[in-house]
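User: Please take a close look at the salt bridges in this model. Set them in the context of the chains that carry them.

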2 protein chains.
Amino acid sequence: MTSQVLHSDHFAQMDTRFRVNFFNSVMGFKGAVLVGTQSAKGFDNLSVFSSLFHMGSKPALFGMLFRPAGEVPRHTLSNIEETGFYTLNNILATFAREAHQTSAKYAKDVSEFEACGFEKEYLADFQAPFVKQSNIRLGMKWLETIPIKHNNTALVVGEVVLADVCSDFVLEDGMVDIEKAGTLTVSGLDRYHTTQEIGRFPYARP
Amino acid sequence: MTSQVLHSDHFAQMDTRFRVNFFNSVMGFKGAVLVGTQSAKGFDNLSVFSSLFHMGSKPALFGMLFRPAGEVPRHTLSNIEETGFYTLNNILATFAREAHQTSAKYAKDVSEFEACGFEKEYLADFQAPFVKQSNIRLGMKWLETIPIKHNNTALVVGEVVLADVCSDFVLEDGMVDIEKAGTLTVSGLDRYHTTQEIGRFPYARP
């Protein structure tokens with residue numbers, strides 16, 4: 001196989017679409033979640049994101065990166081900042097296509113729950129809508145939005161305040177068996193994958 | 001299946017190990033990479049990370065989160081800040097166990113390349129060591145470390161300045177076929193998985 005070493009000069013010459021696909025996929029698989037929000041005026045929003053990452057367990061924090069203002073409408077981000085709450089819902093193979101469809105640019109007063117075929121569910125008193133079809137769901141409280149100066153993206157930091165997980169998926173040591181749950185992983189912007197465990201390795205010591 | 005809704009009070013009562021496993025795995029799969037660095041004094045370091053995330057394509061940026069100072073030695077972070085450069089190397093099933101072993105707390109003057117059985121490689125004039133066994137590798141330039149006040153973690157923002165990818169893995173539209181390359185994904189702290197594509201979906205329109 002031919003290995004090719006590319007440098008910054010090559011990146012600059014890449015066609016925009018090619019570059020976006022390349023860097024979104026090159027360094028590995030990503031989690032994919034449906035983010036549910038509601039605007040201050042009461043409009044629902046549901047959108048797929050692949051930029052979620054774990055930030056800590058005590059408190060339980062997740063980060064999520066949003067594209068620059070102006071490039072795209074950021075309904076999810078404005079809803080999070082207006083209301084302070086959002087939901088994270090896992091994506092299963094049975095509704096991967098519908099989940100991907102939520103990335104379309106719907107108008108702000110259109111609910112992607114309805115437009116893409118998802119059933120909305122409210123849990124306890126939580127102020128944002130969950131996806132009924134998902135089997136792992138978190139209720140998040142917005143803590144902060146950190147501006148990233150290098151490319152005008154915005155990093156949202158949120159704390160888990162609610163977790164809805166079937167107890168069948170929670171192993172004795174706390175690990176959630178997301179493969180058994182059927183959670184998908186994503187590569188690039190549009191490619192979805194199931195997984196096959198190769199093993200767990202013990203806590204490493206020198 | 002019994003679904004259980006847990007709240008912040010439940011999280012506080014979880015045993016530490018249980019909570020760490022739970023929140024590291026609950027919301028989805030993560031990318032896993034081996035990060036290669038060199039200290040100012042010339043000591044090599046290689047360590048597995050699952051906190052890498054894509055931040056943008058022009059410039060090509062990746063973020064990586066580091067645990068709080070004091071909790072663990074942060075050789076990788078101090079090397080990045082000392083020299084300004086680091087490498088990202090994908091993880092294949094053939095060396096997943098060795099990759100996981102790099103998470104052990106080796107002393108700063110021990111090279112995990114040698115201790116865990118990896119061959120070191122230098123590409124062009126790049127000032128940090130690559131993993132020879134990996135088939136997708138990026139050379140990164142450190143831009144900034146952003147402190148996260150909520151839990152004292154540190155977010156490193158870096159720019160891709162070099163990419164070494166077999167051309168066989170690069171599809172016509174720029175997407176890198178990381179499944180064909182054999183890149184693994186990880187869940188929680190210690191569980192590695194291969195993937196099986198279910199499909200690519202077209203750019204979504206309302």
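Analyst: The answer starts with the model and chain A, then goes through the salt bridges, and ends with two other local sites.

This is a predicted model, in which local features need pLDDT of at least 70 and side-chain atom pairs count only at pLDDT 80 or more, while totals for chains, interfaces and linings use all residues. Residues are numbered from 1 along each chain as its sequence is written, chains are lettered from A and ligands numbered from 1 in the order in which they are written, and side-chain values use heavy atoms, leaving out hydrogens and water.

Confidence comes first. The model has an ipTM of 0.97 and a pTM of 0.97. Chain A averages a pLDDT of 96, with 99% of its residues at 70 or more; pLDDT is the predictor's confidence in each residue, from 0 to 100.

Chain A holds 6 helices and 13 strands. These are DSSP runs numbered from the N terminus: helices are H or I with at least four residues, strands E with at least two. Its radius of gyration is 18 Å, close to the 17 Å that the globule rule gives for 206 residues, so chain A is as compact as a globular protein of that length. That radius is taken over C-alpha atoms, and the rule is 2.2 Å times the number of residues to the power 0.38. Of the 206 residues, 59% are buried. Buried means under 20% relative accessible area, exposed over 50%, and partly exposed in between, with a 1.4 Å probe and protein chains only.

Now the salt bridges. Each is a side-chain nitrogen of Lys or Arg within 4 Å of a carboxyl oxygen of Asp or Glu. Over all chains there are 20.

Take a pair inside chain A. Asp164(A) bridges to Arg137(A), with the closest N and O atoms 2.9 Å apart. Asp164(A) sits in strand E11 (residues 153-166) and Arg137(A) in strand E10 (residues 136-148), so the pair ties together parts 27 residues apart in sequence. Both residues are buried.

Other pairs cross between chains. Lys149(A) meets Glu144(B) at 3.8 Å, N to O. This pair runs from the loop between E10 and E11 of chain A to strand E10 of chain B. Lys149(A) is exposed, at 62% relative accessible area. Glu144(B) is buried, at 19%.

Asp190(A) pairs with Arg200(B) at 2.9 Å, N to O. It links the loop between strands E12 (185-187) and E13 (191-200) of chain A to strand E13 (residues 191-200) of chain B. Asp190(A) is buried at 14%; Arg200(B) is partly exposed at 29%. Through shared partners, salt bridges also join Glu121(A), Lys132(A), Arg137(A) and Asp164(A) into one network.

Two sites remain. Thr102(A) lies in the loop between helix H4 (96-101) and helix H5 (112-116) of chain A. Thr102(A) is buried, at 1% relative accessible area. Beyond four places away in sequence, Thr102(A) touches residues including Leu34(A), Val48(A), Cys116(A) and Phe118(A); contact means heavy atoms within 4.5 Å.

In chain B, helix H3 (residues 75-83) has His75(B), Thr76(B), Leu77(B), Asn79(B) and Ile80(B) buried. The buried residues of H3(B) pack against several strands of chain B, among them E10 (136-148) and E11 (153-166). Gly84(B) follows H3(B), with a positive phi near 85°.
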